[in-house]
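Colleague: Could you take me through one helix of this model in close detail, and then show me the setting it belongs to? I'd be glad of the cut-offs as you go.

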Amino acid sequence: MLIFFDHIGVLVFAISGMLVAGEENLDLLGGYIIAFITALGGGTVRDLLLNTEVAWMSSLSHIAMVLIGGTIGLLFRDKLKKLRRTFFIFDTLGISLFTILGVQKGLTYDQVPITALFLGMISATFGGVLRDVLCNQVPLIFRKEIYAIPCLVGGAIYLSGTYFGFDKTLWLLLLSMSFITIIRTLAVKYGWRMPLIKEL
Amino acid sequence: MLIFFDHIGVLVFAISGMLVAGEENLDLLGGYIIAFITALGGGTVRDLLLNTEVAWMSSLSHIAMVLIGGTIGLLFRDKLKKLRRTFFIFDTLGISLFTILGVQKGLTYDQVPITALFLGMISATFGGVLRDVLCNQVPLIFRKEIYAIPCLVGGAIYLSGTYFGFDKTLWLLLLSMSFITIIRTLAVKYGWRMPLIKEL
Amino acid sequence: MLIFFDHIGVLVFAISGMLVAGEENLDLLGGYIIAFITALGGGTVRDLLLNTEVAWMSSLSHIAMVLIGGTIGLLFRDKLKKLRRTFFIFDTLGISLFTILGVQKGLTYDQVPITALFLGMISATFGGVLRDVLCNQVPLIFRKEIYAIPCLVGGAIYLSGTYFGFDKTLWLLLLSMSFITIIRTLAVKYGWRMPLIKEL
């Protein structure tokens with residue numbers, strides 16, 4: 001079940017990478033590279049920081065999901081724009097799972113809780129950061145979207161749960177993922193955003 | 001004493017990261033992320049290159065300094081602009097210490113001297129490089145400021161000292177740090193800058 | 001012989017880094033840093049992903065080639081523009097060798113074939129990607145040049161050869177490198193390029 005959503009997350013991120021690459025007028029290969037980095041870049045940064053093996057490198061199924069996602073993004077660009085809602089749901093499930101898996105991996109590697117929390121946020125968001133940097137834009141999450149905050153809140157809930165001995169229970173996973181999903185959905189629905197530094 | 005300046009360096013770099021983020025019109029979270037990367041990004045690149053544990057990940061006090069520095073940068077933006085001189089002194093002490101600590105760490109990990117020197121420069125300057133790349137600018141140190149040259153000179157003095165057996169003496173540390181501080185101060189005072197490639 | 005071309009590749013990449021830095025109006029130090037990253041950045045990313053020692057850090061001869069290449073790029077900027085053809089030949093030999101060495105290193109570290117192929121492409125092209133990102137441009141290989149495709153084809157030929165037991169034969173190396181060289185030369189001669197995503 002987790003593995004299913006993990007792969008769906010990669011697929012959806014790869015699709016969104018290809019869509020952004022199309023808007024930036026990149027070529028076909030650039031599109032697939034951006035799809036790859038959007039989908040697997042966050043986990044790559046997490047694993048580099050943990051000084052451990054980069055997970056996707058030995059996972060053919062993750063690489064396959066990138067290629068499939070990139071191709072879907074390429075072929076169905078116009079139709080996908082009408083499926084915004086479906087797309088949003090899977091994207092949100094993807095980031096919520098990536099966050100918790102990142103936090104878990106941090107804990108597995110004996111990191112202090114706040115570092116594990118950062119690793120969760122990095123897993124979920126830095127693929128998008130790298131995508132934006134490569135497309136020569138200031139990363140979206142630094143200036144527009146409430147994207148990382150739900151990850152931090154959900155990750156913190158997960159961490160609190162492990163502190164009380166509920167780690168690796170499905171309940172804790174579902175609870176923290178639900179928080180991320182709900183907060184992000186509300187944020188997009190009601191247009192919540194972080195205040196700009198200038199406004200403070 | 002060293003640990004004190006190390007933390008002050010992180011604090012000052014975090015403040016400057018938040019100030020730049022404010023000018024780039026980022027939001028609150030973007031500000032803290034840029035503060036984090038400005039302060040700890042150079043050391044992160046150094047540790048990734050050394051294929052070792054990333055130092056800040058297990059150091060709560062460094063993470064705390066980033067959060068405090070970011071908050072100071074946020075709350076006292078206007079006042080800080082009047083304290084340019086104080087700010088400059090701590091910034092210069094910060095880079096001089098980061099340089100020497102980077103060189104030392106390189107030597108500890110059995111790197112050849114020139115690589116250790118590069119690691120010192122990377123420790124001191126790549127946080128700023130990453131900050132500029134994320135804010136979608138050509139890094140400042142590539143085009144305007146004499147920033148890396150004092151680091152290279154001071155690092156070279158430190159390396160010469162270790163060659164003659166003075167490594168880990170406080171004298172050598174102070175001497176090489178003083179060189180960095182003095183050269184940089186003179187450079188800013190008299191407007192020294194590197195020639196542009198075009199001018200050569 | 002391989003080592004000779006490897007060093008020539010680094011030299012040529014460093015020259016091209018300095019030339020690009022000059023066009024971007026960087027200063028002298030920025031020029032050398034860009035030369036360094038253009039020449040050795042691809043291999044650095046490869047080695048970070050492999051979670052192993054970064055090769056250039058213990059290789060004085062590679063560091064020397066960067067410094068020499070950067071200086072050549074600086075002193076002979078105008079003359080080099082007339083030597084486009086010679087320059088192109090060495091550049092192409094450089095990327096073809098970097099590709100195969102990257103694939104080989106991936107296999108040595110027990111990566112699956114497709115990951116080894118990606119590592120070959122990364123070795124040959126990501127120095128240029130990092131150069132473009134630091135110079136605040138969308139990477140050239142994402143939008144204009146047929147650059148990575150010959151690497152992928154040549155790398156695939158090499159991988160097929162190893163599958164049939166010809167690994168570490170000089171013949172296989174020359175065959176796959178020739179493919180990269182020939183395809184790239186034809187691509188530039190006849191103006192082949194990848195279709196843009198928009199055109200599909």
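Modeller: Happily; let's start with helix α2 of chain B, which covers residues 28-49. Helices here are DSSP runs of H or I with at least four residues, strands are runs of E with at least two, and both are numbered from the N terminus. The expected span of a helix is 1.5 Å times one less than its number of residues. For the 22 residues of α2(B) that gives 32 Å, and the end C-alpha atoms are 30 Å apart, which agrees.

Before going further, a word on the source: this is a predicted model, where local features need pLDDT of at least 70, side-chain atom pairs count only at pLDDT 80 or more, and totals for chains, interfaces and linings use all residues. Residues are numbered from 1 along each chain as its sequence is written, while chains are lettered from A and ligands numbered from 1 in the order in which they are written.

Back to the helix. At B:Leu40, α2(B) bends by about 55°; the bend at a residue is the angle between axes fitted to the seven residues ending there and the seven starting there. Of the 22 residues of α2(B), 21 are buried, so the helix is largely enclosed by the rest of the structure. Buried means that 20 or more other C-beta atoms lie within 10 Å of a residue's own, exposed means 12 or fewer, and partly exposed lies in between, with C-beta atoms placed from the backbone. After α2(B) comes B:Asn51, with a positive phi near 55°.

A useful companion is α6 of chain C, residues 113-134. Its 22 residues should span 32 Å at 1.5 Å a residue, and its end C-alpha atoms are 31 Å apart, which agrees. There is a bend of about 50° in α6(C) at C:Thr125. Because 19 of its 22 residues are buried, α6(C) is largely enclosed by the rest of the structure. Just after α6(C), C:Asn136 has a positive phi of about 65°.

For the fold around such helices, take chain A. It has 8 helices and 0 strands, in the order α-α-α-α-α-α-α-α along the sequence. Its radius of gyration is 16 Å, close to the 16 Å that the globule rule gives for 200 residues, so chain A is as compact as a globular protein of that length. That radius is taken over C-alpha atoms, and the globule rule is 2.2 Å times the number of residues to the power 0.38. Along the principal axes, the C-alpha atoms of chain A fill a box of roughly 50 × 45 × 30 Å. Buried residues make up 55% of its 200 residues.

Now to the neighbours. Two residues are in contact if their C-beta atoms, placed from the backbone, lie within 7 Å. Where chain A meets chain C, the contact takes 25 residues from chain A and 23 residues from chain C. On the chain A side, α1 (2-23), α2 (28-49), α3 (60-75) and α6 (113-134) each supply at least two residues, and α2(A) gives the largest share, 6 residues. That side divides into 14 nonpolar, 8 polar and 3 charged residues. Here Ala, Val, Leu, Ile, Met, Phe, Trp, Tyr, Cys and Pro count as nonpolar, Asp, Glu, Lys and Arg as charged, and the others, Gly among them, as polar.

Where chain A meets chain B, the contact takes 23 residues from chain A and 25 residues from chain B. On this side of chain A, α2, α6 and α7 (148-163) each supply at least two residues, with the largest share, 3 residues, coming from α6(A). The split is 15 nonpolar, 5 polar and 3 charged. Only 17% of the interface residues of chain A are also interface residues in chain B, so the copies meet through different surfaces.

Finally, the symmetry. A rotation of 120° with 0.0 Å of shift along its axis superposes chain A on chain C, with an RMSD of 0.0 Å. That is the relation of a three-fold axis. Copies are superposed by least squares on the C-alpha atoms of residues with pLDDT of at least 70 in both. Chain A can likewise be laid on chain B by a turn of 120° and a shift of 0.0 Å along the axis, with an RMSD of 0.0 Å.
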